[in-house]
Amino acid sequence: MTVDIQRRGLMLVLSSPSGAGKTTLSRWLLQQQPDIVMSVSATTRPPRPGEVEGKDYFFLGVEAFNAMIAAGDFLEHAVVFGNHYGTPKKPVFEALASGFDVLFDIDWQGTQQVGAQARADMVSVFILPPSREELERRLLGRAEDPPDVIAKRMAKAADEISHWAEYDYVIVNDTLEAAQGKLAHILQAERLKRLRQPGLPGFAETLVRGE
Ligand code: 5GP
């Protein structure tokens, strides 16, 4: 017998420096878990080859992005590597209301803003690379970016990493399989928190009363 207890959706935030394997981990989690959806951000940076509008990002001009800020359409927004990034508010709350968890790939600035608004619903995870050498290797291995962009990202990696202690959980991504297991366990445990299961009082009542 499976018992379905009503659950309150959570906001799972993943941050890391570029090249720590965050995208790979997010994709894996979305494939593996049916009840979690990705928050698709808006950005003013140009699309990389292979990136799909509305799936990877909503690609906007600066004016359209500013109009969304003015309209209060973002849950959070920040400038990262000189481009604007923001999380559209509406789809997040729609997904949460429909009983889904929402996965965010946002930087430390965005994490602070989401935390300020919805700390009880946010679970934040920071992904660290196993070493500086490995981080460099992974960044160089990514063919789509020109060398000056890679150099800039390497410099920015240190800045992003300096915020690791602001997160609830930290995973060192040494082997992908181990990191995947850790991420899935974090999600599982956080879903089981008593306050994230509003259906529990009613369920417990039926046990006590024998109904
Ligand atoms: P990329 O341009 O490589 O896709 O992303 C660059 C950085 O921007 C990553 O660290 C990513 O987490 C962050 N980012 C992507 N979308 C958002 C967003 O909506 N808000 C914030 N604050 N950061 C974002």
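**View 1. Helix 6 and the elements that cover its buried residues.** Welcome to a predicted model; this view begins with what packs over helix 6. The cover over the buried residues of this helix includes strand 1 (11-15), helix 4 (108-118), strand 8 (122-128) and helix 5 (132-140). The buried residues in question are I150, R153, M154, A157 and E160. Helix 6 takes in residues 147-161, 15 residues in total. From its first C-alpha to its last it reaches 21 Å, close to the 21 Å expected at 1.5 Å a residue. Look along the helix for A155, where helix 6 bends by about 25 degrees.

**View 2. Strand 8, covered on both faces.** Strand 8 is one of the elements that cover the buried residues of helix 6, and here it takes centre stage. Seven of its seven residues are buried, so strand 8 is largely enclosed by the rest of the structure. In a regular strand, side chains alternate between the two faces of the sheet. On one side of strand 8 you can find M122, S124, F126 and L128, and on the other V123, V125 and I127; all of them are buried.

**View 3. The partners of strand 8.** Strand 1 and strand 8 run parallel and are joined by five bridges. Strand 9 (residues 169-172) also runs parallel to strand 8, and four bridges join these two. F126 is a handy residue to follow here. It is the bridge partner of S15 in strand 8, and its own bridge partner in strand 9 is V170. F126 is also among the buried residues of strand 8.

**View 4. D101, a buried residue in strand 7.** D101 is found in strand 7, which covers residues 101-105. Its relative accessible area is 0%, so D101 counts as buried. The side chain of D101 makes a polar contact of 2.6 Å with the side chain of R191. Leaving aside neighbours within four places in sequence, D101 is in contact with R7, R8, G9, L10, D35, I36, V37, L187 and R191. R191 therefore appears both in that contact list and as the polar partner of D101, with the burial of D101 as the setting.

**View 5. The ligand and the residues around it.** The ligand is surrounded by 17 residues, of which the closest are S41, R45, Y57, Y85 and D105. D105 has an N or O atom in its side chain 2.6 Å from an oxygen atom of the ligand. T87 has a polar side-chain atom 3.4 Å from a ligand oxygen atom. For D107, the ligand atom is a nitrogen, and a polar side-chain atom of D107 lies 2.8 Å from it.

**View 6. R48, a buried residue in a loop.** Here the view moves to the loop between strand 3 (41-43) and strand 4 (57-59), where R48 has its place. Is this residue buried or exposed? R48 has 16% relative accessibility and so counts as buried, the cut-off being under 20%. Not counting residues up to four places away in sequence, R48 touches E144, D145 and R153. You have met R153 already, among the buried residues of helix 6.

**View 7. S98, an exposed residue before strand 7.** S98 lies in the loop between helix 3 (89-97) and strand 7. With 52% relative accessibility, S98 counts as exposed, because the cut-off for exposed is over 50%. A polar atom of its side chain lies 2.7 Å from the backbone oxygen of E94. S98 and D35 are 63 residues apart in sequence, while their C-alpha atoms are 9.9 Å apart in space. D35 is also one of the residues in contact with D101.

**View 8. V79 and F81, around strand 5.** V79 lies in strand 5 and, at 45% relative accessibility, counts as partly exposed. Leaving aside neighbours within four places in sequence, V79 is in contact with H84 and Q109. V79 and G19 are 60 residues apart along the chain, with 19 Å between their C-alpha atoms. F81 is in the loop between strand 5 (74-80) and strand 6 (83-88). At 25% relative accessibility, F81 counts as partly exposed. Its phi is near 50 degrees, a positive value in a residue other than glycine.

How values were computed
Residues numbered from 1 in each chain as written. Predicted model: local features only at pLDDT ≥ 70, side-chain atom pairs only at ≥ 80, totals over all residues. Heavy atoms only, no water. Buried < 20%, exposed > 50% of the residue type's maximum accessible area, 1.4 Å probe, protein only. Polar contact = N/O pair within 3.5 Å; in protein donor to acceptor, adjacent residues only side chain to side chain. Contact = heavy atoms within 4.5 Å. Expected span 1.5 Å × (residues − 1). Bend = angle between axes of the 7 residues up to and from the residue. Pairing = 2+ DSSP bridges. Near = heavy atom within 4 Å.
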